[in-house]
Amino acid sequence: MARYFDVHPDNPQPRILRQVVGLVQAGGLIAYPTDSCFALGCQLGDRHGLDRIRDIRRLNERHHFTLVCRDFAQLGQFVQISNAMFRLVKSCIPGSYTFVLPATREVPRRMLHPRKRTVGVRVPDHTVTQALLAELGEPLVSSTLILPGEDEPLTQGWEIKERLDHVLDGVVDAGDCGKEPTTVVDLSGDEPEVLRRGAGDTSRFE
């Protein structure tokens with residue numbers, strides 16, 4: 001049964017944040033809000049957590065997991081950004097973008113695209129997510145919470161708790177959050193490639 005954490009959207013309670021982070025550090029899988037809908041999250045290096053996310057979403061090995069980072073400096077520890085893309089990425093964060101970039105050695109191999117050796121990264125513009133990342137001190141390994149066979153992401157904490165109670169360890173609910181997934185842009189090649197049109201404006205990449 002998943003624990004339910006009711007978090008204030010503007011002033012997240014430190015005691016509750018510590019409880020959520022403790023759950024993640026103990027190998028827990030959580031659903032949490034971002035600026036572009038709910039996501040599933042586990043600790044970096046948690047192999048079982050990755051498998052659980054794959055099972056819930058029925059993902060194949062080519063799926064790009066995302067490292068949800070606190071800021072640009074943290075993001076830069078896990079991906080290689082060319083000089084040409086540096087300013088472009090920095091201008092888009094925090095925000096509703098996920099960038100696919102070549103990974104550094106800091107990223108566990110199981111997270112990487114098997115052929116490209118790339119990984120997704122993003123910095124959300126959401127008070128509760130930022131507070132959670134600050135308390136955790138490292139990125140959350142994440143994937144958008146869209147269930148198999150469904151086109152729309154789950155957007156209500158109570159519904160997530162009700163439907164996924166048996167497969168999650170915690171649900172963080174801070175009220176309304178984004179309802180549209182991130183825009184995903186592959187920056188691992190010579191030119192930007194928009195892989196998914198979402199909440200972020202794509203005009204600067206086209």
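## Exercises on the cores, a strand and a lysine

Leu 67, Phe 99, Met 111, Leu 145, Ile 160 and Leu 168 touch the most other members among the 46 residues of the largest nonpolar core. A nonpolar core here is a set of buried Ala, Val, Leu, Ile, Met, Phe, Trp, Tyr and Cys residues joined through side-chain atoms within 4.5 Å; buried means under 20% relative accessible area, with a 1.4 Å probe and protein chains only.

Before you start: this is a predicted model, where local features need pLDDT of at least 70, side-chain atom pairs count only at pLDDT 80 or more, and totals for chains, interfaces and linings use all residues. Residues are numbered from 1 along each chain as its sequence is written, and side-chain values use heavy atoms, leaving out hydrogens and water.

**Exercise 1.** Work out which residues Phe 99 touches, leaving out those up to four places away in sequence.

*Solution.*
- Look for contacts, meaning heavy atoms within 4.5 Å.
- You should find Val 89, Cys 92, Ile 93, Val 119, Gly 120, Val 121, Val 185, Leu 187 and Phe 205.
- Don't stop at this core: a second, separate one of 20 residues includes Leu 23, Val 68, Leu 133 and Val 172.

**Exercise 2.** Find the partners of strand E7 (residues 140-144) and check its two faces.

*Solution.*
- Helices (H or I, at least four residues) and strands (E, at least two) are DSSP runs, numbered from the N terminus. Two strands pair if DSSP finds at least two bridges between them.
- Strand E3 (residues 39-43) runs antiparallel to E7, with 5 bridges; one of the partnerships is Leu 40 with Ser 143.
- Strand E4 (residues 66-68) is also antiparallel to E7, over 3 bridges, and here Leu 67 sits opposite Val 141.
- Now the faces. In a regular strand, side chains alternate between the two faces of the sheet.
- On one side of E7, Leu 140, Ser 142 and Thr 144 are buried; on the other, Val 141 and Ser 143 are buried too.

**Exercise 3.** Which residues does Lys 161 contact beyond its neighbours within four places in sequence, and what does its side chain reach?

*Solution.*
- Place Lys 161 in helix H6 (residues 157-164).
- Beyond those neighbours, Lys 161 contacts Met 1, Ala 2, Tyr 4 and Val 171.
- The Lys 161 side chain reaches the backbone oxygen of Ala 2 at 2.4 Å.
- That side chain also makes a polar contact with the side chain of Asp 165 at 2.8 Å. A polar contact is a pair of N or O atoms within 3.5 Å; within protein, one must be able to donate a hydrogen and the other to accept it, and residues adjacent in sequence count only if both atoms are side-chain atoms.

Definitions and conventions
Buried < 20%, exposed > 50% of the residue type's maximum accessible area, 1.4 Å probe, protein only.
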